[in-house]
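Here are a few notes to read alongside the model, for anyone opening it for the first time. Have the sequence and the 3D view side by side as you go.

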Amino acid sequence: MMTFDSFKHHRRSIRLRGYDYSQAGAYFITICAQNRECLFGEIINGVMQLNPLGEIVLKWWDELPNYYPPAEPIPSPIMAG
């Protein structure tokens with residue numbers, strides 16, 4: 001098992017200092033698979049066709065307001081890497 005090295009594994013935060021991310025606003029979420037592997041479907045004739053894993057992601061995206069009532073997720077594309 002690989003041990004955690006805080007110097008080697010340190011990532012700089014891209015959050016704005018002093019910004020209250022709990023306030024209302026538009027937020028973008030990006031999920032990237034390791035090595036940008038296409039896990040959620042494929043492009044067929046220029047259209048993203050979700051596979052079963054992509055369907056699960058979409059289902060839970062649509063479920064967000066049931067767990068976080070203030071959330072209002074907009075239709076969001078699931079894109080190939």
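1. Where is the place of Tyr68? Tyr68 sits in the segment after helix 1. Keep in mind that this is a predicted model, so start from the idea that everything below describes a prediction.

2. Is Tyr68 buried or exposed? Tyr68 counts as exposed because its relative accessible area is 53%, and the cut-off for that label is over 50%. Tyr68 also helps make a nonpolar surface patch of about 620 Å². The other members of that patch are Leu39, Leu53, Ile56, Trp60 and Tyr67.

3. How confident is the predictor? The protein chain averages a pLDDT of 83, and 93% of the residues score at least 70. Confidence is highest in helix 1, residues 52-67, at 91. Strand 1, residues 41-44, has the lowest confidence, with a mean of 89.

4. Next, have a look at the largest pocket, which holds about 1300 Å³ of space. How many residues line the largest pocket? The lining comes to 38 residues, and Tyr27, Phe28, Ile29, Trp61 and Ser76 are the ones that lie nearest the pocket's centre. Helix 1 gives the most to this lining, with 5 residues.

5. Leu58 is another residue to find in helix 1. With a relative accessible area of 27%, Leu58 is partly exposed, since that label covers values between the 20% and 50% cut-offs. Measure across to Arg15 in your viewer: Leu58 and Arg15 are 43 residues apart in sequence, and their C-alpha atoms are 26 Å apart in space.

6. Arg11 belongs to the segment before strand 1. Arg11 is exposed, and its relative accessible area is 74%. How far apart are the C-alpha atoms of Arg11 and Asp62? They are separated by 30 Å, with the two positions 51 residues apart along the chain count.

7. Two backbone angles deserve a second look. Phi of Asn35 is near 60°, and phi of Arg36 is near 55°; each is a positive value in a residue other than glycine. Why point this out? Because most residues other than glycine have a negative phi.

8. Where do Asn35 and Arg36 lie? Asn35 is in the segment before strand 1, and Arg36 is found in that segment before strand 1 too. Asn35 is exposed, at a relative accessible area of 72%. Arg36 is exposed as well, at 58%.

Note on methods. Residues numbered from 1 in each chain as written. Predicted model: local features only at pLDDT ≥ 70, side-chain atom pairs only at ≥ 80, totals over all residues. Heavy atoms only, no water. pLDDT = per-residue confidence, 0-100. Helix = DSSP H or I, 4+ residues; strand = E, 2+ residues; numbered from the N terminus. Patch = residues over 30% accessible without salt bridge, like charges linked within 9 Å, V, L, I, M, F, W, Y side chains within 5 Å. Areas by Shrake-Rupley, 256 points an atom, 1.4 Å probe, with all protein chains shown as cover. Salt bridge = Lys/Arg side-chain N within 4 Å of Asp/Glu carboxyl O. Buried < 20%, exposed > 50% of the residue type's maximum accessible area, 1.4 Å probe, protein only. 1 Å grid on protein atoms, 1.4 Å probe; cavity = no way out; pocket = protein on both sides within 12 Å on 5 of 7 lines; lining within 4 Å. Points joined across faces, edges and corners; volume = space filled by probe spheres on them.
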